[in-house]
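Trainee: Could we go through this model together? I would like to see how the pieces fit.
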Number of protein chains: 2
Amino acid sequence: MSHLLIVDDEQDMVDLVTMYMENAGYTVSSALNGDEAEEKLKESHPDLIILDLMMPGRDGFAICESIRSYSDVPIIFLTARGEEWDKVRAFSIGGDDYIVKPFSPGEMTARIQAVLRRFGRVDEKRETIRYQTLSIDVHSRAVRVDGAAIQLTMKEFDLLVLLAKKRGRIFSREELLETVWGTEYSGGTRTVDTHIKTLRMKLKNEGASIETVWGIGYKFVDGAV
Amino acid sequence: MSHLLIVDDEQDMVDLVTMYMENAGYTVSSALNGDEAEEKLKESHPDLIILDLMMPGRDGFAICESIRSYSDVPIIFLTARGEEWDKVRAFSIGGDDYIVKPFSPGEMTARIQAVLRRFGRVDEKRETIRYQTLSIDVHSRAVRVDGAAIQLTMKEFDLLVLLAKKRGRIFSREELLETVWGTEYSGGTRTVDTHIKTLRMKLKNEGASIETVWGIGYKFVDGAV
DNA sequence: AATGGGTGTGAAATAAGTGTGAAAAATTTT
DNA sequence: AAAATTTTTCACACTTATTTCACACCCATT
């Protein structure tokens, strides 16, 4: 799998992103400032850098420019919602994409994969989850039931993958929200119900694979037992 | 199984949580104040700390900050309902989750497991209780008798697991209520009888494994002896 | 065998959790 | 700016779970 370098001055954010990305199957290095980042870049040769824009000392732009003088490793900027910043400049100095905080784990992996694919640096081994007539291509995010392609939204897909990857395991609504939506989500838990509803509907005959565990949450049926 | 450290200035609360968590299969150390907590932390190396926020002397925040200067053991705060407190500060100084008093044992174990999982410190081994033709998968909450799946409700399941985990031990109705229902339960004790009744019925031939101890309570028969 | 509290049981009353459709809000695309 | 899509909220119906209750029955002790 690919290796990432996270650069952010807030330890908490580094920890969060690290957790997210390790769960997504990446290996991760991190740095708290520009100098440290360039050092780590030389020693760990990451396939991609996630670079916070707003940092004391050298900011994301300055670090990016410096790196671009000797490396063309893909760079994704991290920026806070509402933060004023120069998107044009970001791309003109060699940024490849950007992610707005707060973000969900799924969003981040999606963007990372998109950039890596563009750079042809992703190992194309396809991870496919199968259950009866249901097949889920985790990387291309394509879902089929009975051979027919099903169109899922991002949340629906992430939810399905999480449940289907751990068949038989029961997830509470809180767990699902935390994993799929991310920690900053603050709405009600019934949102999960609605997504489960649409999922079941879209999955047609395989919709029954997602079972309700009364009083606890949901699970994907465990074929074995 | 994992080891916990409970820190609370009230001996009663320490005892209660200790009982809950030991029933849930954890081993537990405890401390009544910050100094004692850090001492116990060094000698018992817990996998997770449950830390009361409101304490005389150093409060939960101060203790957490101090611990974070040299350890990243997961910390869950305990806070009383209605108590004014700074949630943002709790997370910014390194807290991982919080639980509001009063809570049920199930709620606490759920949060502990969620945090431990996030830290990748939980062994996902399947815990299965077996007795004759009865098998209980504790995590997927699946119960079988004679190979056939049995559908239990939440209370029934929790009750069965508690009894079956400690075969031979006699539980009074009060104990069962306190452990399965939690402290906030305020109804009569005959409710237990009703659940025992449905359990026995659903467990069919294994229903006899739950015995009445006249004048005291119930127990799961002890195969040995 | 008589007594008095403890327990089993079925049915009824309450309470709690979930499914669903539709509307509102947020977001993205055109 | 408008349109389309996705996500979230909400209320109501519906299902399931939990608790209560009354009465028969059981057990241990006189």
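Trainee: Happy to start with a sheet: how many bridges join β10(B) to strand β12 of chain B?

Mentor: Good place to begin, and keep in mind that this is a predicted model, where local features need pLDDT of at least 70, side-chain atom pairs count only at pLDDT 80 or more, and totals for chains, interfaces and linings use all residues. Residues are numbered from 1 along each chain as its sequence is written, chains are lettered from A and ligands numbered from 1 in the order in which they are written, and side-chain values use heavy atoms, with hydrogens and water left out. Strands here are DSSP runs (E, at least two residues; helices are H or I, at least four), numbered from the N terminus, and two strands pair if DSSP finds at least two bridges between them. β10(B) and β12 (residues 217-220) run antiparallel, and the bridges joining them number three.

Trainee: Which strands of chain B stand at the edges of the sheet?

Mentor: The sheet is open, has three strands and follows the order β10-β12-β11 (chain B), with antiparallel pairing. An edge strand has a single partner, so one side of it is left without a neighbour in the sheet; that is the case for β10 (170-172) and β11 of chain B.

Trainee: What angle does the direction of helix α7 of chain B make with that of β10(B)?

Mentor: Helix α7 (residues 173-181) packs on the sheet and touches β10 and β12 of chain B, contact being heavy atoms within 4.5 Å. Axes are lines fitted to C-alpha atoms, for helices over the stretch in contact, and angles run from 0 to 180 degrees between N-to-C directions. For α7 of chain B and β10(B), the angle is about 80 degrees.

Trainee: Is A:G168 buried or exposed?

Mentor: A:G168 sits in the loop between α6 (154-165) and β10 (170-172) of chain A. Buried means under 20% relative accessible area, exposed over 50%, and partly exposed in between (1.4 Å probe, protein chains only). Because its relative accessibility is 1%, A:G168 counts as buried.

Trainee: Which side chain has an N or O atom 2.8 Å from a base nitrogen of DNA strand C?

Mentor: Polar contacts are pairs of N or O atoms within 3.5 Å; within protein, one must be able to donate a hydrogen and the other to accept it, and residues adjacent in sequence count only if both atoms are side-chain atoms. A:R173 has a side-chain N or O atom 3.2 Å from a phosphate oxygen of DNA strand C, and for B:R200 a phosphate oxygen lies at 2.9 Å. The base nitrogen at 2.8 Å belongs with the side chain of A:R190.
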